[in-house]
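Work through the exercises below with the sequence and the model side by side. Try each task before you read its solution.

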Amino acid sequence: MSTDFYSMDKLVEFGMSMAIANQMASSMNQSLNQMQVPGAGKAMPTSADNIYFAVIDGKQSGPYSLTELSRLIAEKKIVKETYIWKPGMARWELAENVSEVLRLVAITPPPVPTTNE
């Protein structure tokens, strides 16, 4: 009889371990799904003419399409002093020196004024 009790304890212990493992995996998956990585999860642009890389927070990031660059500009993650590179360029250039990116920077409105201004 004590052997049956021992086996039952092991089954309960195993079941609890599995439940905890499933909760941990679920929590980790949820965290990973909420993580945002610039440029990740987006389809690669189809033409090399539409691929851009940027230095954001001191790190190379991308590839980005012009649409994604526009979003990053609106979020102030890319400004005219941000380094940009695309295939065909000999070196990294400031956004203000890359005409198609400068156009995006130029059409981005300034911050909305506060009531104190």
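**Exercise 1. Is Phe-53 buried or exposed, and how does Trp-85 compare with the cut-offs?**

Solution. Step one: take the cut-offs. Buried means under 20% relative accessible area, exposed means over 50%, and partly exposed lies in between (1.4 Å probe, protein chains only). Step two: apply them. Phe-53 has 15% relative accessibility, so Phe-53 counts as buried. Trp-85 has 24% relative accessibility, so Trp-85 counts as partly exposed.

Two notes apply throughout. This is a predicted model, in which local features need pLDDT of at least 70 and side-chain atom pairs count only at pLDDT 80 or more, while totals for chains, interfaces and linings use all residues. Residues are numbered from 1 along each chain as its sequence is written, and side-chain values use heavy atoms, with hydrogens and water left out.

**Exercise 2. Describe the aromatic pair that the structure holds.**

Solution. Step one: know the rule. Rings of Phe, Tyr and Trp (its six-membered ring) pair if their centres lie within 6.5 Å; planes under 30 degrees apart count as stacked, over 60 as edge-to-face and the rest as tilted. Step two: count. The structure holds one aromatic pair. Step three: classify. Phe-53 and Trp-85 are tilted, with 5.8 Å centre to centre and 45° between the planes. Step four: place the partners. Phe-53 sits in strand S1 and Trp-85 in strand S3, 32 residues apart, and the pair links distant parts of the chain.

**Exercise 3. Which strands pair with S1, and in which sense?**

Solution. Step one: fix the terms. Helices (H or I, at least four residues) and strands (E, at least two) are DSSP runs, numbered from the N terminus. Two strands pair if DSSP finds at least two bridges between them. Step two: look at S2 (residues 59-64). S1 and S2 pair in the antiparallel sense over four bridges. Here Val-55 stands opposite Gln-60. Step three: look at S3 (residues 83-85). S1 and S3 are also antiparallel, over two bridges. Phe-53 stands opposite Trp-85, and Ala-54 has Ile-84 as its bridge partner. Step four: check how covered S1 (residues 52-56) is. Four of its five residues are buried.

**Exercise 4. In what order do the four strands form the sheet, and what packs on the sheet?**

Solution. Step one: read the order. The open sheet runs S2-S1-S3-S4, with antiparallel pairing. Step two: find the edges. S2 and S4 (93-94) are the edge strands, each pairing on one side only. Step three: add the helix. H2 packs on the sheet and touches S1 and S2. The direction of H2 makes about 130° with that of S2. Such axes are lines fitted to C-alpha atoms, for helices over the stretch in contact, and angles run from 0 to 180 degrees between N-to-C directions.

**Exercise 5. Which residues touch the most other members of the largest nonpolar core?**

Solution. Step one: define the core. A nonpolar core is a set of buried Ala, Val, Leu, Ile, Met, Phe, Trp, Tyr and Cys residues joined through side-chain atoms within 4.5 Å. Step two: name the residues. Among the 15 members, Leu-69, Ile-78, Ile-84 and Val-101 touch the most others. Step three: trace the sources. S1, H2 (66-74) and H3 (99-106) each supply at least two residues of this core. Step four: follow Leu-69. Neighbours within four places in sequence aside, Leu-69 is in contact (heavy atoms within 4.5 Å) with Tyr-52, Tyr-64, Ile-78, Val-101 and Leu-104.

**Exercise 6. Where are the unusual backbone angles?**

Solution. Step one: recall the background. Most residues other than glycine have a negative phi, and most peptide bonds are trans. Step two: check the hairpin. S1 and S2 have two residues between them, and Asp-57 in the turn has a positive phi of about 55°. Asp-57 is exposed, at 77% relative accessible area. Step three: check the loop between H2 and S3. Lys-76 lies there, with a positive phi of about 65°. Lys-76 is partly exposed, at 46%. Step four: check omega. Gly-62 and Pro-63 are joined by a cis peptide bond, with omega about 10°. Pro-63 is in strand S2.

**Exercise 7. Which element has the lowest mean pLDDT, and which the highest?**

Solution. Step one: pLDDT is the predictor's confidence in each residue, from 0 to 100. Step two: helix H1 (residues 2-34) has the lowest mean, 73, and S3 the highest, 95. Step three: the protein averages 79, and 78% of the residues score at least 70.
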